Amino acid sequence: MRQFIVRRLAISALVLLGVSIMLYALARSMPADYVTLSTSTLQKITQEQKDQLRKIYGLDKGLVGGYWDWLLNAARGDLGTSLVFARPVTEIIGKYMPITFTVSAIALFFELLFGIPLGILAARRRNTSVDYAITAFVFIGISMPSFFLAAMLKRALGYYGLNLLPTAGMLNARVIYRSFTFAKALDYIQHLIMPISVFVIINVGIWLRYTRANMIDALSSDYVRTARAKGVPERRVVYSHAFRNTLIPTVTLLGGQLPALFSGAIITENLFGIQGLGNIALTASTMADIPYLMGFNMFLAVCTVLGYLISDILYAVVDPRIRLS
Amino acid sequence: MENISLADALQPASFHEETDEGSRLFLTPWQMVARRFFSNRMALFGMAVLIVIALFSFAGPLFYAYSESELFYIDKETGEELRTTGDSARLATSTLASLQKPSLRHILGTNRLGQDMLARLMYGGRVSLLVGFVVVFVELLLGILLGGLAGYYRGLVDSVIMRVVDIISSIPLIPLMLIMSSLLITLQISTQHKIYVTMFILGALYWTGVSRMVRGSILSLREMEFMQAADATGIRASNKIFHHLIPNMLPNLIVLATLDLGGIILLESTLSFLGVGVGAPYASWGNMVSTVNDSEIMQHFPHVWVAPGICILIVVLAFNFVGDGLRDATDPRMKGR
């Protein structure tokens with residue numbers, strides 16, 4: 001086990017190194033750099049001043065030299081200073097990550113809350129109209145473009161429709177809350193209903209289908225037949241015997257998803273004006289903010305790699321039959 | 001005729017009603033797959049939808065009078081609609097027929113630029129389907145080749161290829177495409193060529209799933225008795241690959257490719273929505289939905305943005321139905337999962 005983890009960590013480090021080289025090469029080959037973009041409206045600026053700025057921002061070094069500097073600093077935990085936001089990248093990520101994480105974690109909670117019980121229901125009522133209705137809903141969710149769903153929700157429930165819910169931001173900008181009161185919490189909830197609904201409608205299908213498939217397997221297994229033959233009540237058969245065994249693969253999948261909670265969803269955050277990591281990355285990439293883009297994208301890559309690692313390890317931890325080698 | 005009478009003797013009466021295909025006693029594996037597939041109503045529905053959409057997008061423009069980029073004008077005095085092919089003196093004094101409500105002339109109305117929405121919907125469908133098929137072709141080509149090499153030769157080749165796979169699948173896709181897009185703009189690649197470049201970039205990023213699957217199946221197939229028998233007969237490597245390995249992987253590959261088609265169309269529409277994929281003057285369902293960012297259009301002109309959104313949903317849904325049906329048909333153990 002330890003040997004497996006050590007080897008996987010070594011491979012992960014190698015993979016991340018490869019990712020960082022590719023990302024840096026791409027980001028630096030963006031033709032218009034930050035100096036060009038941010039000074040494009042200044043007519044009086046001279047080439048000398050531009051070169052001076054490039055030197056300050058560290059854009060004067062070549063591809064290899066620039067990457068080497070970035071790598072050495074990153075190894076020490078310093079991801080540089082964002083050009084657009086003029087703050088250390090680690091500070092920006094630290095500041096906006098809680099927002100992204102909270103929103104995704106609430107969404108994940110509701111996905112599981114709906115996905116698992118509905119998956120069990122669909123498996124118990126397999127090939128009935130209940131099962132077909134649930135399956136149809138799952139397919140629509142999987143196939144739905146998130147931006148279209150967001151637009152429809154905004155049109156139907158937002159200002160131009162029923163005017164029930166705010167369509168952008170996290171809090172009502174016209175109200176100043178002096179402390180965290182019930183009214184403030186309510187304001188947050190109102191702002192988050194639509195974005196979280198988008199996440200849930202699109203992602204609930206993954207959990208639902210997974211639970212359903214595993215429950216069908218479990219319900220047709222020998223130990224369930226034995227339990228039924230012994231006269232164990234159906235509730236106990238379903239929830240204690242069958243469902244507990246489906247938790248093994250579900251926990252594995254869940255573990256793999258955890259790091260993704262920090263990375264958020266760029267599109268949904270952007271459409272609902274949530275100031276999360278993804279939304280900021282969209283601004284950064286239009287302004288060729290290389291330090292932030294590198295920091296953010298590497299952060300995403302680390303999350304992805306960690307996700308694979310966690311799900312592989314959990315796979316062995318929760319199921320003793322699996323040996324890692 | 002002999003085997004039909006044998007079938008008559010052995011099969012239950014209800015089979016007599018079926019076609020020749022259905023009443024034959026012995027079916028090849030592929031016939032069995034086809035039979036299971038065509039008895040799946042959801043998959044058939046998906047198939048029918050795809051055929052209709054393909055006809056609508058590829059044959060539709062041949063029978064439809066307007067093109068995707070044609071602008072329509074309205075004569076200010078008479079209120080009469082003018083086409084650009086008409087009298088240029090009158091065009092000079094007229095205004096764009098922008099945001100017309102659906103009417104007999106324009107069944108789905110016009111957009112802000114005064115272009116016919118139905119025509120744009122057809123051309124947008126062309127783009128979506130074309131992107132889907134080209135990207136899947138590229139991913140299959142790269143994925144089978146590299147996954148095949150990794151699984152067949154193992155050792156160092158395998159390690160190197162699989163690390164590349166790991167690296168590519170850890171790169172965040174949408175930020176990468178944003179960078180790519182600004183790169184393409186400055187390289188001054190025309191919008192038309194940008195579509196093709198985007199397709200190849202997506203293909204070059206999407207093949208990792210295929211290669212993982214191909215490598216995995218080759219590794220498990222190698223252990224099978226029939227592969228040992230093939231090794232023992234000393235046939236050429238190419239024969240082993242093309243006659244024994246690939247036919248055994250084909251069902252899984254077809255399923256994966258079908259499901260990927262839906263995923264890629266969804267991704268292309270998202271990229272076009274962000275302004276990264278297919279851009280004006282070319283129509284794409286994604287960039288048509290992006291007009292919703294204009295609050296006037298969102299509020300008053302749902303015909304401009306709802307129809308393309310529904311088209312994306314329907315096509316992706318259809319590919320998912322067909323993919324799921326194919327999976328059930330090729331692997332009966334998976335049925336209903």
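## Reading salt bridges and the interface

Mentor: D324(B) and R209(A) form a salt bridge, with the closest N and O atoms 3.0 Å apart. This is a predicted model: local features need pLDDT of at least 70, side-chain atom pairs count only at pLDDT 80 or more, and totals for chains, interfaces and linings use all residues. Residues are numbered from 1 along each chain as its sequence is written, chains are lettered from A and ligands numbered from 1 in the order in which they are written, and side-chain values use heavy atoms, with hydrogens and water left out.

Trainee: What counts as a salt bridge?

Mentor: Side chains of opposite charge can pair when their charged atoms come close. The rule asks for a side-chain nitrogen of Lys or Arg within 4 Å of a carboxyl oxygen of Asp or Glu. It gives 12 salt bridges over all chains. Across the interface of chain B and chain A it finds 1.

Trainee: Which residues join D324(B) and R209(A) in one network?

Mentor: Take R327(B) and D328(B), whose side chains meet in a salt bridge (4.0 Å, N to O). Salt bridges that share partners join R209(A), D324(B), R327(B) and D328(B) into one network. D328(B) is buried, at 9% relative accessibility. Buried means under 20% relative accessible area, exposed over 50%, partly exposed in between (1.4 Å probe, protein chains only).

Trainee: Which parts does the pair D158(B) and R215(B) tie together?

Mentor: Their closest N and O atoms are 2.6 Å apart. D158(B) lies in helix α7 (residues 155-170) of chain B and R215(B) in helix α9 (residues 191-222) of chain B, so the salt bridge links parts 57 residues apart in sequence. Helices (H or I, at least four residues) are DSSP runs, numbered from the N terminus. D158(B) is buried at 10%; R215(B) is partly exposed at 21%.

Trainee: K240(B) and D231(B) also pair. Is each one buried or partly exposed?

Mentor: Their salt bridge spans 2.8 Å, N to O. K240(B) is buried, at 12% relative accessibility. D231(B) is partly exposed, at 38%.

Trainee: How many residues does each chain bring to the contact?

Mentor: Chain B gives 45 residues and chain A gives 43. Contact means heavy atoms within 4.5 Å. The size of an interface is often given as the accessible area lost when the parts come together. Here chain B and chain A bury about 3,900 Å², 77% of it on carbon and sulfur atoms. That buried area uses a 1.4 Å probe and is summed over both parts.

How values were computed
Buried area is the accessible area (1.4 Å probe) that two parts lose on being put together, summed over both. Helices (H or I, at least four residues) and strands (E, at least two) are DSSP runs, numbered from the N terminus.
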